[in-house]
Amino acid sequence: MYKSNRRRVETFVFSVLLCILSGWVGAQQDIAFHFGEGDDARLARSGTVDIGGIRYIPISSVIEQFGGYVDLAAGRAQISLDGRGAIITINDVQVETASDDFRLRHPLLREGDTAYMALADFERFFRNVFNTRLWIDQITADETAAPEQGEDVLDDLLAPLAPAPQETGRRRIRSIVLDPGHGGTDSGAVGPNGLEEKEVTLAVAQSLKRILEAEMDVEVVLTREADVELPDRARSNLAGQAQGDLLISIHTGASFVQNARGFEVFYADVPSGDGEGGSDSGVRYAARSRLLATAVSRSLSATEASPNRGVRPTPARVLSRASMPGILVEVGCITNPEEENLLASEGHRNRLAEGIARGIIEYATNTELPAGGAG
Ligand SMILES: [Zn+2]
């Protein structure tokens, strides 16, 4: 509001370019991996490379992020994690382990200090060698960082307008922000029959708003009411402007494992690491976010709408940037054809919204906030 019109137009044009660019970065097919439960959960992130039409991941980097190591010597890769391990000859498919040997579908490759494994092999490799279920998720555009140099411009455009809180006793939750993931040209994940994540997230959020307003004395605000594109920062800041006490971001899951199914509830607990002061304020609310995530996971389970994939921390910026407890609910795996069908039906969407609402109501009933501030 202190800028000349011309400067504002330039700023706007730049921010539009930035959105397009960050969407393009999201199209780089970044993958998140995690295994383990609760406090023991471990996360890794990686890009992929296309080698001869096969998607490969730099397994050295992923295993290191999990706390293990890959030793490349004498034409072989020795992959170790938590006292278990395997040996694979470079350019070969045979995996030697302490117990049963098995074969990969695609050969292990090497370039420089890095070994590459086909993404399609990684889950089974992980299960056979480390005796642990590995989850593989595609990071969609809205969970991918915008380029650093644009941050201050977006700050100017989208600065929160919320007034400073005043201290006067304690109060109940009175404002809930629902964030339907994706929108506009960002369709999110797409199911095998063409169902788009952005449509599911909006429908579930609208149903959830109706239920919460009918059953609680709260104001419910949606970050988007229509099929429009919205950067992450705008979502977090809209939540701040609405003086939300809770932020509920709705997404669907997407997995390369075709029969992966079920819902999963995430809470902000991992710093996004972008070096901005205060940008990780959501992490300050991790304990409450986790309580909320647990309540919602339990109530969704009770609807028996879909299998429960658990409660996990997430580095998603829409949560870590918001100054309130927040969760991200993946309401089902849109890449699973059966679950895609369910997600397309109004009855199932309402059942999911009902399940999420029960958890929010349970959490809200048991929670008192410091007056004025976000809780
Ligand atoms: Zn999504």
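Select strand 6 and strand 7 (residues 84–89) first: six bridges join the two, and they run antiparallel. The model is predicted, and this tour starts at that pair before widening to the rest of the chain.

Keep both strands on screen and look at the link between them. Strand 6 and strand 7 form a hairpin with two residues between them. One of the turn residues, D82, has a positive phi of about 50 degrees. At this end of the ladder, L81 stands opposite R84 in strand 7.

Next, add strand 5 (residues 69–73). Strand 5 is antiparallel to strand 6, and five bridges join them. To check the register, pick L72: its bridge partner in strand 6 is A77. Here too there is a hairpin with two residues between the strands, and A74 in the turn has a positive phi of about 55 degrees.

Now show the side chains of strand 6 (residues 76–81). Which of them are buried? Those of A77, I79 and L81, which point to one face. R76, Q78 and S80 point to the other face and are not buried. The side chains thus alternate along the strand.

Return to R84, which lies in strand 7. Is R84 buried, exposed or partly exposed? R84 has 15 other C-beta atoms within 10 Å, so it counts as partly exposed; a buried residue would need 20 or more, and an exposed one 12 or fewer. Leaving aside residues up to four places away in sequence, R84 touches V129 and F130. A distance to try in the viewer is R84 to A98: C-alpha to C-alpha it is 8.2 Å, with 14 residues of separation in sequence.

Move on to helix 5 (residues 197–215). What span should its 19 residues have? At 1.5 Å a residue the expected value is 27 Å, and the end C-alpha atoms are 27 Å apart, so the two agree.

Colour the buried residues of helix 5: E197, K198, V200, T201, L202, V204, A205, S207, L208 and L212. Then select what they pack against. The strands are strand 14 (175–180), strand 15 (219–222), strand 16 (246–253) and strand 19 (326–333). The helices are helix 9 (337–344) and helix 10 (346–365).

Finally, show the whole chain. It has ten helices and 20 strands. Of its 375 residues, 44% are buried. Among contacts between residues at least 6 apart in sequence, 71% join residues at least 24 apart.

How values were computed. Residues are numbered from 1 along each chain as its sequence is written. This is a predicted model: local features need pLDDT of at least 70, side-chain atom pairs count only at pLDDT 80 or more; totals for chains, interfaces and linings use all residues. Helices (H or I, at least four residues) and strands (E, at least two) are DSSP runs, numbered from the N terminus. Two strands pair if DSSP finds at least two bridges between them. Two residues are in contact if their C-beta atoms, placed from the backbone, lie within 7 Å. The expected span of a helix is 1.5 Å times one less than its number of residues.
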